Amino acid sequence: MENRLLPGFRLGTYMIDNPLVLAPMAGITDLPFRRICKRFGVGLMVTEMIASRAVDMGRERTERMAELGDDEHPVSIQIAGSDPEFVTEAARWAVGHGADFVDINMGCPVKKICKQVAGSAMLRDEALVARVLAAVVAAVDVPVTLKIRTGWDDQSKNVQNIARIAEDSGIQLLTVHGRTRAQMFHGHACWEDIGLAKAAVSIPVIGNGDIVDAESAREMIRVSNCDGVMVGRAVQGNPWVLGEVHAAIAGLPVPPKPTAAERWLIVDEHMRHLVEHHGIRTASKLARKHVIWYSKGLHGSAEFRQSFQVMTDWQQMMDFAAAYFLGLGESCIRHELSYAA
């Protein structure tokens, strides 16, 4: 298609025709959430981050986090850790659980992860980065990918060095979140830094950070020359943004905003998947987070949120949510949903 912005790329035996990637988000991108997002044009799924030492402990929750759907391939299981022995064990475990790719997290900025010299803390030790990447690449027979930030802070940005180390180690795809660890999720992502990584290597580079609609996706692609786009926080309660970004990448018209009925169909389906995957008790807790996100920016959402958050009976929660969303009507939507990614 002549208006297509990104041609896609090959990763192992898969051709990623639609280079739109759902970001791994802890406590959010479980199987039910990914099932909802898949229908909006995501070309590559990534699970939420799984700590390599949690794999070693064999926890039931870890097994559930790695559960993959038959319809979501190609999919990557993301692992984290700084000990090559534990990380390689986790990589083999991921492949054994059906992962088409193994993604290594060196971008998580959370304090408890960084205190273990994992996540983005690893960016301060380039030799350690090289050892871990080389060990994982040698340990599995599927493509290994890497997600990073641009550095620890503004004084120690090393995105180009890490990109080169990754490629030299056999990493087949690199995702760059355009912020340093020090920024956490504040300020605006520096898409130019993503471009530095892209210029430094020949492997595909995915850009991540502050993609909130079709226009921001187009601008990131223009600025960074990235090969694909990863969308994260903007998807919370708004999977329709993925459809917008997919349209931008594919050169298609941006789809219209969902009607009240269309919105409820997605909310209802998501909640059913939550119960099926987690059971009603856990689903009830997760629903208080997800349903509130779905209501953000809509008419009467504050009042709805106050009532919904104190409910404990599952059927009451679903009946109340259905009445709210179906009673909205398009004319009641105050403004577009807009989040920082």
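Reader: Thr150, buried or exposed?

Author: Thr150 is buried. Its relative accessible area is 0%. Bear in mind that this is a predicted model.

Reader: Where does Thr150 lie?

Author: Thr150 sits in a loop. Strand E8 (144–149) and helix H7 (159–169) flank that loop.

Reader: And what is Thr150 in contact with, leaving aside neighbours within four places in sequence?

Author: Thr150 is in contact with Lys157, Asn158 and Val159. Then come Val176, His177, Gly178, Arg179 and Thr180. Asp193 completes the list.

Reader: Switching to Met49. Buried or exposed?

Author: Met49 is buried, at a relative accessible area of 16%. The cut-off for buried is under 20%, so Met49 counts.

Reader: Which strands is Met49 between?

Author: Strand E4 (45–46) and strand E5 (50–51). Met49 is in the loop between them.

Reader: How far apart are the C-alpha atoms of Met49 and Gln78?

Author: They are separated by 5.0 Å. Along the chain, Met49 and Gln78 are 29 residues apart. Gln78 is also a contact of Met49. Beyond four places in sequence, Met49 has further contacts in Met65, Ala80, Asn105, Cys108 and Ile113.

Reader: OK, core packing. How many residues has the largest nonpolar core?

Author: It has 95 residues. Met106, Leu146, Val231 and Phe325 have the most contacts inside it. Helix H14 (residues 314–326) gives the largest share of this core, seven residues.

Reader: Which residues are in the second, separate core?

Author: That one has 11 residues, including Leu11, Ala23, Leu173 and Met230. As a rule, nonpolar side chains in soluble globular proteins tend to be buried together.

Reader: Back to Met106. What does Met106 touch?

Author: Not counting residues up to four places away in sequence, Met106 touches Leu146, Lys147, Ile148 and Arg149, among others. Its list also includes Gly119, Ser120, Met122 and Leu123.

Reader: Now the whole chain. How many helices and strands?

Author: There are 14 helices and 11 strands. The radius of gyration is 20 Å, close to the 20 Å from the globule rule for 341 residues, so the chain is as compact as a globular protein of that length.

Reader: What percentage of the 341 residues count as buried?

Author: 57% of them. The accessible surface of the chain is about 14300 Å². Carbon and sulfur atoms hold 50% of that surface.

Reader: Last one, charges. How many positive and negative?

Author: The chain has 36 positive and 40 negative charges. Their mean positions are 6 Å apart.

Definitions and conventions. Residues are numbered from 1 along each chain as its sequence is written. This is a predicted model: local features need pLDDT of at least 70, side-chain atom pairs count only at pLDDT 80 or more; totals for chains, interfaces and linings use all residues. Side-chain values use heavy atoms; hydrogens and water are left out. A nonpolar core is a set of buried Ala, Val, Leu, Ile, Met, Phe, Trp, Tyr and Cys residues joined through side-chain atoms within 4.5 Å. Buried means under 20% relative accessible area, exposed over 50%, partly exposed in between (1.4 Å probe, protein chains only). Helices (H or I, at least four residues) and strands (E, at least two) are DSSP runs, numbered from the N terminus. Contact means heavy atoms within 4.5 Å. The radius of gyration is taken over C-alpha atoms; the globule rule is 2.2 Å times the number of residues to the power 0.38. Accessible areas come from the Shrake-Rupley method with a 1.4 Å probe; for residues, only the protein chains shown count as cover. Lys and Arg count as positive and Asp and Glu as negative; His and the chain ends are not counted. The place of a charge is taken as NZ of Lys, CZ of Arg, CG of Asp or CD of Glu.
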